[in-house]
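Here's a short set of exercises to work through with the model open in your viewer. Try each task before you read its solution.

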Amino acid sequence: MMIQATVPTAFGLFATPWMLDPALVAAGAVTLVSVGVLFLAFWRGWITRGYLAAMSLFYVAFAGLVIGLHL
């Protein structure tokens, strides 16, 4: 069932024009950086409760970027 669900979706994505506004690009960039930081932290064994709580600052940065782009 997974292949039956992903193949039509892929065709739809390839056939649709992608119009990315700055907020979507900012969301992708912040997500990419935060996933990279988390990957490095898990790989190095730096994960603590405080570290994971500090990762919420990426969400604050994203919200600030979106608000700044829409003003």
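**Exercise 1.** In which helix does S34 lie? Work out its surroundings too.

*Solution.* S34 sits in helix α2; helices here are DSSP runs of H or I with at least four residues, strands are runs of E with at least two, and both are numbered from the N terminus. Before going on, keep in mind that this is a predicted model: local features need pLDDT of at least 70, side-chain atom pairs count only at pLDDT 80 or more, and totals for chains, interfaces and linings use all residues. Residues are numbered from 1 along each chain as its sequence is written, and side-chain values use heavy atoms, with hydrogens and water left out.

Next, the exposure. S34 is buried because its relative accessible area is 14%, and buried means under 20%, exposed over 50%, partly exposed in between (1.4 Å probe, protein chains only).

Then the partners. Setting aside residues up to four places away in sequence, S34 touches M55 and F58, where contact means heavy atoms within 4.5 Å. A polar atom of the S34 side chain also lies 3.0 Å from the backbone oxygen of T31. That pair is a polar contact (N or O atoms within 3.5 Å; within protein, one must be able to donate a hydrogen and the other to accept it, and residues adjacent in sequence count only if both atoms are side-chain atoms).

**Exercise 2.** Is A23 buried or exposed, and which residues is A23 in contact with beyond four places in sequence?

*Solution.* Start with location: A23 belongs to helix α2. With a relative accessibility of 13%, A23 counts as buried. Its contacts outside the four-place window are F62, V66, L69 and H70. For a C-alpha check, take I67: 44 residues separate it from A23 in sequence, yet the two are 8.9 Å apart in space.

**Exercise 3.** Place L52 and A61 in their helices, then classify their exposure.

*Solution.* L52 is in helix α3, residues 49-54. Its relative accessible area of 42% makes L52 partly exposed. Leaving out neighbours within four places, L52 contacts L38 and I47, and its C-alpha is 9.7 Å from that of A41, eleven residues away along the chain.

Now A61, which you'll find in helix α4, residues 56-70. A61 is partly exposed too, at 39% relative accessibility. The C-alpha atoms of A61 and A27 are separated by 9.8 Å, with their positions 34 residues apart along the chain.

**Exercise 4.** Which residues make the nonpolar surface patch, and where does W18 lie?

*Solution.* L13, W18, L20, L24 and V25 make a patch of about 550 Å². Patch members have over 30% relative accessible area and no salt bridge (a side-chain nitrogen of Lys or Arg within 4 Å of a carboxyl oxygen of Asp or Glu). Like charges are joined within 9 Å, and nonpolar side chains (Val, Leu, Ile, Met, Phe, Trp, Tyr) within 5 Å. W18 lies in the loop between α1 (2-15) and α2 (22-44), and is exposed at 59%.

**Exercise 5.** How many helices and strands are there, and why is the chain more spread out than a compact globule?

*Solution.* Count four helices and zero strands. The radius of gyration is 17 Å, well over the 11 Å from the globule rule for 71 residues, so the chain is more spread out than a compact globule. That radius is taken over C-alpha atoms, and the rule is 2.2 Å times the number of residues to the power 0.38. Finally, 8% of the 71 residues count as buried.

Definitions and conventions:
Accessible areas come from the Shrake-Rupley method with a 1.4 Å probe; for residues, only the protein chains shown count as cover.
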